[in-house]
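Reader: I am new to this structure and should be grateful for a close look at one part of it. Would you please take the nonpolar core as the subject and then set it within its surroundings?

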Amino acid sequence: MVETVSEPTEAIVRGQARAWLEANWSPELGLVEWRTRLVDSGWGMPSWPSAWHGRGLPAAFDAVVADEMRRVGAVSVARSGVRGLAAATLLEHGGDFHKQKFLRRILTGEDNWCQLFSEPGSGSDLAGALTRAELSEGRWVINGQKVWTTSAHHADWGLLLARTDSNLPKHQGLSYFVLDMRQSGVEVHQLRQMNGHASFNQVFFTDAEAPAQHLVGEVGAGWAVATTTLMHERRGADGMRLWGAASNLKGRIYDEERAEIATVNEPYKWYPQRAGRVDLVLERAKATGAISDPVVRQEIAKLLTLSRTAEWTARRARAAQALGRPPGPEGSLGKLAASHVARAAARVHTLIAGADAMLTGEDGPLSGVIAEILVSVPAVSIAGGTDEIQRNIIAERVLRMPKEPRSDDDRPFRDVPKNRLS
Amino acid sequence: MQFSFTSEQEEFRSVLRRFLQEKSPPSAVRRLMESDAGWERDGWVELNHQLGLTGVHIPEAFGGQGFGFVELGIVLEEMGRALLCAPYFSTTVLAATAIMNAGSKAQQEALLPPIALGEVVATLAFTEPNGRWDAAGIETTASPAGGRFRLDGVKSFVLDGHTADLIVVAARTPGSSGEDRVSLFTTRGDAPGLARRALKVMDPTRKQARLDFNGVEADLLGELGAGAGPLAKTLVQAAACLASEMVGGAERLRVSALDYANLRMQFGRPIASFQSMKHKQADMLVDVELAKSAAYAAASAAAEDDPELPAIASLAKACASDAYLQTAIHTIQIHGGIGFTWDNDTHLWFKRAKSSEVFLGDPALHRERMLQAWGV
């Protein structure tokens, strides 16, 4: 039973959270066992409605409760990665059926989720999805292919964007589904990248099925629902990558949490190399002697300048936000600046390594770390929105430049020129 | 380090921007750049009477406003945006700062108030025809002469050197070399034995002069033989200030290019709707915002006299130089043929970008200085 809080103050909320934690938290609980208590009490998601595992508190109190949890070392509900995106999307667009069926097991971490948006034929242009969902005898039958699906190989459920009507313009013919990934019509293949890692999957649907009530939102409203998911993805992008700060505390629950984090983080283990490893540049240049080469010194200085100014620009954006000032252009440049930094870093690491830049694995510099930088950096300017799309967004949303005339949104989708699937 | 401006600083900036928009439109810039002096005393007096700008970072005890380098940076950013033709960088940034760094209390009491009041226009003469930006490049000599000194040598690239009332001169004891026994001196612009000639400069909005010293009598500023330190500190602070001025100009160019792209119609639509224009604009925004972050970090470091200031000032000078010139190049390109004409205003900022790129040391020199300051 959730007690109601009238006119909550920080002190009241803090006191209640603390008292509840004192009575309920123990590091010797099982992970799911503890999270079930947390979900039942509403303290796991304090700002969610009390009808759906929350306490209906203003969002400002989330930090207060998180603070109390940190104080005692309590593990939070499972909400990182696609789980969090699924929860936020279903809370906003889902019906009672979806919330009843999915939210609890998202928060307890019992179910894994993946996002089925990108396709081989539609990357930057997500609304060009070709995967079809057709209603047949009260069930949705799905055929097509998705790609870049992180964690699809251990997902229980997928957030699927599929086309339900090709006679409507592209954005209007899309619908949004929750798809059971554990069925024979869904095949998952790992996709090997140029750096040798396999962080993503291809997912093939051959008459895969979803019950009628697994449609989220109205038929044809899929783009609006997907936009919610994407908005939460952008907002949480940094958090998602940083979340895996596993604690080194002792207790059964921490062991289970560490195992969970290791699984979730596995696909991201090369991400530091993807960002260019600016932190290694000076020690590497000193170790190889390249530090005394005036040409290399200039390139190192350019890289460090880029990296420092990108960091200062992010701090300007945060400082403005903290003062409640309207966001300036400095807040929209981070992703593009990060691409510049990574590319410059790869160039400098090559200069420093000299001939050794051709070697990889144990023969390569730093046991292959440098080689991994060189073959991972090309991903930075593509993943999560290419540099070109970032530039369009900056130009059109920040600088208010006019949109380019388009030829794909004023006619039935079937008449829009498309890629051919091989 | 300060990553946001206070409300008072933002208000100061907007007052200043309105004032300079009114006093220094491109028509005024063009009129003054065609003149021999490059500035006019009436406008200078007004600038200081209305806003007290020449004394912005001079302590109140010496007649100034008592603000710091963050406020000075704001002034310079707005002057760079307006391309104000005035001996501000020479007087306030170079000469007043050198006097504050090197001068005794009595010397500061004597020299700073007339500068703060806008009555005296001053400059710092330290570079010579060899084009070096450090004390070691100084060849001009100072010989004792009855309690004063006699200066012999040639200074070049001296900002507003042909019009300054007061000149701070860096010179060395005869027979010395390197940074050893360098001192600062002050002399009047009309001192006997001083021949001044305005140089033909690429950037006509900022005049430079060559000064020939033939036994010019001068007074010692600070301690004899100990001028290299204060001079170096002044040049570091000036590099931070120049970065602020450059980012103001760069932003002005960026916005002018955007305005033009939105107006210019080709193939039946504004050229701003073409991706090639959008991508260029997005890149310009990244360049300018990153350079602004560098300039603000340098101003903040100067205000706090942060030990990292020499590195950050050099970082900002190099970064802002590159961003300003690149933005100027893009702005001409976006304007197309009209951007290459004399009547279009872009070249005025382009030329300031080019001369600022080199003045006080080019980006390569400052990148090297940055690494050395970090002990790399």
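Author: The account below begins with the core and then moves outward to the chains around it. The model is a predicted one.

The largest nonpolar core holds 164 residues, and those touching the most other members are Val168(B), Ala240(B), Ala243(B), Ala294(B), Ala298(B), Ala316(B) and Ala320(B). Helix 7 of chain B, residues 228-263, gives the largest share of this core, with 18 residues. In general, nonpolar side chains in soluble globular proteins tend to be buried together.

Ala240(B) merits individual attention. When neighbours within four places in sequence are set aside, the contacts of Ala240(B) are Phe69(B), Ala298(B), Ala299(B), Ala302(B), Ala313(B) and Ala316(B). Apart from this core lies another, of 60 residues, which includes Trp48(A), Leu90(A), Ala129(A) and Val225(A).

Chain B as a whole comes next. Chain B contains eleven helices and nine strands. Along the principal axes, the C-alpha atoms of chain B fill a box of roughly 80 × 45 × 40 Å. The radius of gyration of chain B is 21 Å, which agrees with the value near 21 Å for a compact globule of 376 residues. Of those 376 residues, 55% count as buried. Among the contacts in chain B with a separation of 6 or more, 75% are between residues 24 or more positions apart.

The domain assignment divides chain B into domain 1 (7-121), domain 2 (123-225) and domain 3 (229-373). Taken over C-alpha atoms, the centres of domain 2 and domain 3 of chain B are separated by 30 Å. Twelve residues from domain 2 of chain B and twelve residues from domain 3 of chain B make up the contact. On the side of domain 2 of chain B that touches domain 3 of chain B, eight residues are nonpolar, two are polar and two are charged.

Chain B also meets chain A: 33 residues of chain A are in contact with 29 residues of chain B. On the side of chain A that touches chain B, at least two residues each come from helix 10 (294-322), helix 11 (334-353) and helix 13 (387-398) of chain A. Helix 10 of chain A supplies the largest share of that side, 14 residues. By class, this side of chain A has 18 nonpolar, five polar and ten charged residues.

Within chain A, the assigned domains are domain 1 (12-77), domain 2 (82-242) and domain 3 (271-384). The centres of domain 2 and domain 3 of chain A lie 33 Å apart, taken over C-alpha atoms.

Leu90(A), already named in the other core, is also one of the buried residues of helix 4 of chain A. That helix, residues 81-93, has 13 residues and reaches 19 Å from its first C-alpha to its last, close to the expected 18 Å. Ten of the 13 residues of helix 4 of chain A are buried, so this helix is largely enclosed by the rest of the structure. Among its buried residues are Gly81(A), Arg83(A) and Thr89(A).

A contrasting position is Asp279(A), in the loop between helix 8 (271-274) and helix 9 (281-288) of chain A. Asp279(A) is exposed, because 12 other C-beta atoms lie within 10 Å, and 12 or fewer is the criterion for that class. The C-alpha atoms of Asp279(A) and Ala345(A) are separated by 9.6 Å, although these residues are 66 residues apart along the chain.

Technical notes. Residues are numbered from 1 along each chain as its sequence is written. Chains are lettered from A and ligands numbered from 1 in the order in which they are written. This is a predicted model: local features need pLDDT of at least 70, side-chain atom pairs count only at pLDDT 80 or more; totals for chains, interfaces and linings use all residues. A nonpolar core is a set of buried Ala, Val, Leu, Ile, Met, Phe, Trp, Tyr and Cys residues joined through C-beta atoms within 7 Å. A residue is buried if 20 or more other C-beta atoms lie within 10 Å of its own, exposed if 12 or fewer, and partly exposed in between; C-beta atoms are placed from the backbone. Helices (H or I, at least four residues) and strands (E, at least two) are DSSP runs, numbered from the N terminus. Two residues are in contact if their C-beta atoms, placed from the backbone, lie within 7 Å. Domain bounds come from an automatic or database domain assignment. Ala, Val, Leu, Ile, Met, Phe, Trp, Tyr, Cys and Pro count as nonpolar, Asp, Glu, Lys and Arg as charged, and the others, Gly among them, as polar. The expected span of a helix is 1.5 Å times one less than its number of residues. The radius of gyration is taken over C-alpha atoms; the globule rule is 2.2 Å times the number of residues to the power 0.38.
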